[in-house]
Amino acid sequence: MTPPPTASHRYRPGGGFAARLLALGLALALWAPAAAAERGPQRAAPTSAQAAAAAAGQQQVVVRWRAGAIGGRERAQAAGAEQPLRRAQVLMHRHGIALADGASIDARTQVVRVAAAQQAALLARLALDPDVEWAEVDLRLHRASSVPDDPLFAANPLPSPPQHPAVGQWFLRAPTAEAPAAIDAVAAWARTRGNPDLVVAVLDTGVRFDHPDLAGKLLPGHDFVSDPATANDGDGRDADASDPGDYLLARDLGTPAFPFDDCGTQPQFSSWHGTQVAGLIAAATDNATGVAGAGWNLRVLPVRVLGKCGGRESDIAAAIRWAAGLEVPGEPSNPHPARVINLSLGAQAPCSPLFADAIAAARAAGAVVVAAAGNQGVAVNRPANCPGVVAVAGVRHVGTKVGYSSLGPEVALAAPAGNCVNLAGPCLYPLVTTSNTGSTVPAAPSYTGSGNDATIGTSFAAPLAAAAAGLMLSVQPGLSPDELAHRLRSSSRAFPAAADPGVPDCRVPTGFSAVEQLECRCTTNTCGAGLLDVGAAVARAAEPLPAAGGGGGGSVGFGWALGLALASLLLWRLDRRGRARAGPRRRFS
Amino acid sequence: MAAAPLPTTPSAALRRVLAALALALGAALAACAQPPAALSPPLLLTAAPGAPTGAALRAAVAARAGVAVVSWAAVDERSAGLRLACSGAACDEAIARLRADTALVAALVADERLRIPPPPAREAAR
C-alpha cells in the first residue's frame with residue numbers, strides 16, 4: 001500500500017540557501033494570517049504543568065491542517081522518515097491553551113488532547129485559525145442504539161405508578177407513522193450526548209434542586225425576582241434560584257392594589273414550571289431513574305424570574321443579560337455563561353425596546369435565545385416575537401398545529417408541545433418530565449403524568465429546541481446564534497399532510513385579539529420552517545463552518561501576498577548575486 | 001426565727017423592665033397598624049444619553065420626581081425597574097415631572113408583567 005504523503009516525503013534536503021529562504025518566506029506568509037486572526041493581546045504560553053494537566057484531560061480534538069501549513073522546519077525534523085505529527089506545542093503557543101499531542105491520523109491530521117473545560121474554547125479558536133482546515137471533537141462511539149435506560153423513556157412503562165403515559169417519552173424517539181412529530185433525539189445521541197460544560201439557562205419559576213433526576217445537572221443560578229411580595233421567598237433578588245412555589249391564594253387575589261392586581265380570579269396551585277422545563281432539557285439520562293433529558297449531558301443554569309403572578313419585564317431583561325454572561329449592576333457576575341437561553345414565558349404584546357436590547361446583547365455575547373410562541377392560538381407572544389429569537393410553536397403528535405399554540409411568521413420551527421387527543425380520560429401524548437407533588441409549597445419530587453398534571457403547552461416545546469441547540473453547540477461550538485438558527489431551521493422536517501382532510505390550513509393571525517385557531521395544518525408562514533429534528537440538526541451542525549468573513553479572508557490573502565513577495569525579492573537578489581559571482585560559465589551549466 | 005422579708009428592689013427593677021417591654025411592644029404594634037406605604041405602579045425607566053448612570057441615576061430620578069425611589073432593580077447601567085413612594089395624583093405628577101426632563105429620562109413606561117403561558121384548555125389540546 002502506498003503510504004500517504006507526508007512532510008518528510010515532500011521535503012528535499014540540500015535544496016540550497018535559496019530554497020530555505022523561500023521556505024522562510026512561506027512560513028512568514030503562513031504565520032502572518034495566524035497572528036492576524038488572534039483577538040486581544042498575545043497570550044502567555046501555558047506552563048509544562050498545564051501541559052501535563054492537559055495530557056491528563058479526557059477530551060480529544062481532531063485537527064486537520066491546511067495543505068502547506070506544516071512548516072519547513074518540521075519537515076526537516078521529519079526528513080527521511082514518516083514521523084507522527086507533533087503540533088500541540090504550535091497550537092499551545094498560538095492559542096494559549098494547554099494541549100498534548102495525541103495520535104497522528106495522516107500527514108495533515110492529528111489528535112490533540114485538551115482539558116475538558118477548555119475544549120469549547122479550543123474549537124472556537126481553531127475555527128478561526130487559517131492554518132486549520134477543520135477541527136472537531138473526537139467523538140467517543142457509543143453503543144449503536146443510544147437508547148437510555150430511564151424507565152419513563154420507554155413506551156409502555158411499567159404500570160407503577162399507573163398515571164404515567166403509556167407512550168413514555170414518545171417525543172424524544174424517532175418519528176413513526178403514529179407520531180411523525182417526534183424529534184429523534186435518539187439519532188442525535190448516537191453522535192453526541194452533549195458537552196457537560198455547555199450551559200442552557202432556564203429563565204423561569206426557579207427549580208427544585210432536590211429532584212433526584214436533576215442531581216448534578218443544575219448550576220447554582222440566581223433569583224432575579226425583585227419584588228418580595230411576588231417572589232414568595234421573603235426578599236428580592238438573591239443567589240437562591242430554588243422554586244418556593246408560585247401558588248396564588250384567595251387572600252392574594254383579594255389584594256386591591258399591586259402586586260396581585262391582574263392575577264385573575266381563581267386561586268392557583270404551584271406550577272413547578274421551571275422544574276418541568278429543566279427536566280425536558282437536562283434530566284439525568286441513562287441513570288435508570290425517571291425520565292431522559294433531550295440534552296442528555298447538558299447542564300441547566302436556573303434563573304428565577306417568575307414568582308406569584310409572573311414576573312416583571314425589568315427583571316427578565318436583566319436576567320437575559322446575566323445569563324449570557326453580561327454584567328448587571330448590583331448583581332454578582334455569572335460564572336457559568338449560557339450559550340442557550342430558554343424563555344418559556346410571555347405576554348400578548350409586541351416586542352419592547354427593553355427586550356430587543358437585552359436579546360441583542362445576549363446574542364452578541366454568543367447566546368442563542370429560544371422562546372415559546374404562546375398558548376392562546378393567536379399572534380406570537382413577547383418575547384418570542386423579538387428579533388433574533390428562535391420562536392417555537394407547538395404541534396400535535398401527528399404534526400399538525402396543536403389547537404392552543406400561537407402562530408405566525410415570527411415562528412422559527414415547531415416541536416411537540418403535548419396533546420391529549422381525547423377530551424376526557426388520560427391525556428395520551430403529554431411530555432412527561434420532572435416536577436413536584438406540592439400544591440402550594442414544595443413537597444416530594446415527582447414526574448408529570450397523563451392526568452390533570454399532564455405537561456402540555458408551548459412552554460415545553462421551546463426547551464426541546466433549546467436542548468437541540470445545546471447538542472448542536474456540543475459538536476460545533478463555533479456556531480454563531482444566526483448560523484445555529486439557520487441550521488436548526490434548514491434541518492427541520494417538512495410538515496406532514498394532515499391525515500384528516502377536514503383540518504384547515506393555518507392562517508397568519510391578525511393579532512392578539514384574533515379568533516383562536518385550533519388544530520390546523522402547519523405552513524412555513526405560521527409554524528416555522530418545519531418540525532424539529534434533533535438528529536438532523538446535530539448532523540447539520542457538525543458540517544464545517546462557513547469561511548471567515550471579509551476581514552479574516554482579507555488578512556489571509558494579505559499574508560500570503562506579503563510572504564510570496566518577500567520570498568520572490570530574496571530569490572531575485574540571490575540570483576543576481578550568483579550570476580555576478582559565477583559569470584557566464586554558470587549561466588550555461 | 002422569722003424568715004426575713006424578701007427584698008423589694010428586684011421587684012421594682014422587674015417592673016421597670018416589664019414596662020419597657022410593654023412600651024416597645026406597643027410601639028411595634030402601633031407601627032404595624034400604620035397603613036402600608038403608598039407605592040407607584042411598577043415602572044421601567046431608561047435614562048437619556050448623557051444622563052448619570054447607576055446609583056447617581058437613582059438619586060437624580062428621586063430628586064427630579066420629588067418623591068423617594070422605594071425600589072430600584074437595575075437592568076443595565078441605563079435601565080431599571082423602580083417604584084416611587086407615592087399614590088394617585090401625586091404619582092401622576094411625579095411621573096410627569098420625570099418624563100418632562102428629557103435630559104434625564106429617555107423613556108418611562110409601565111414595567112409590564114410576563115407570565116407562564118396560560119395552561120391550555122383540554123378542548124384546545126386535542
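In this predicted model, strand β8 (residues 311–312) of chain A is joined to β5(B) by two bridges, and the pair runs antiparallel. A look at one residue shows how this works: G311(A) has L114(B), in β5(B), as its bridge partner.

This strand pairing leads naturally to the contact between the two chains. Chain B contributes 29 residues to the contact, while chain A contributes 43 residues. On the side of chain B that touches chain A, the elements giving two or more residues are β2 (69–74), β3 (79–84) and β5 (113–114) of chain B. Sorted by class, that side of chain B holds 16 nonpolar, nine charged and four polar residues. The strand β5(B) thus appears twice in this picture: among the elements that supply residues to the side touching chain A, and as the partner of β8 of chain A.

Chain B itself can be followed from one end to the other. Its elements comprise five strands and three helices, arranged along the sequence in the pattern α-β-α-β-β-α-β-β. Chain B has 126 residues, of which 30% count as buried. Contacts within chain B also link distant parts of the sequence: taking those between residues at least 6 apart, 62% join residues at least 24 apart.

Turning to chain A, the domain assignment divides this chain into domain 1 (7–138) and domain 2 (146–543). Where these domains meet, eight residues come from domain 1 of chain A and six residues from domain 2 of chain A. On the side of domain 1 that touches domain 2, α6 (119–128) and β4 (132–137) of chain A each provide at least two residues. The helix α6(A) gives the most to that side, with four residues. By class, the residues on this side of domain 1 are seven nonpolar and one charged, with no polar residues.

One helix of chain A deserves a closer look. Helix α15 of chain A covers residues 534–541, and it is largely enclosed by the rest of the structure because seven of its eight residues are buried. The buried residues of α15(A) are V534(A), G535(A), A536(A), A537(A), V538(A), R540(A) and A541(A). Which elements do the buried residues of α15(A) pack against? Their packing partners are three helices of chain A, namely α7 (185–191), α13 (462–475) and α14 (481–490).

Methods:
Residues are numbered from 1 along each chain as its sequence is written. Chains are lettered from A and ligands numbered from 1 in the order in which they are written. This is a predicted model: local features need pLDDT of at least 70, side-chain atom pairs count only at pLDDT 80 or more; totals for chains, interfaces and linings use all residues. A residue is buried if 20 or more other C-beta atoms lie within 10 Å of its own, exposed if 12 or fewer, and partly exposed in between; C-beta atoms are placed from the backbone. Two residues are in contact if their C-beta atoms, placed from the backbone, lie within 7 Å. Ala, Val, Leu, Ile, Met, Phe, Trp, Tyr, Cys and Pro count as nonpolar, Asp, Glu, Lys and Arg as charged, and the others, Gly among them, as polar. Two strands pair if DSSP finds at least two bridges between them. Domain bounds come from an automatic or database domain assignment.
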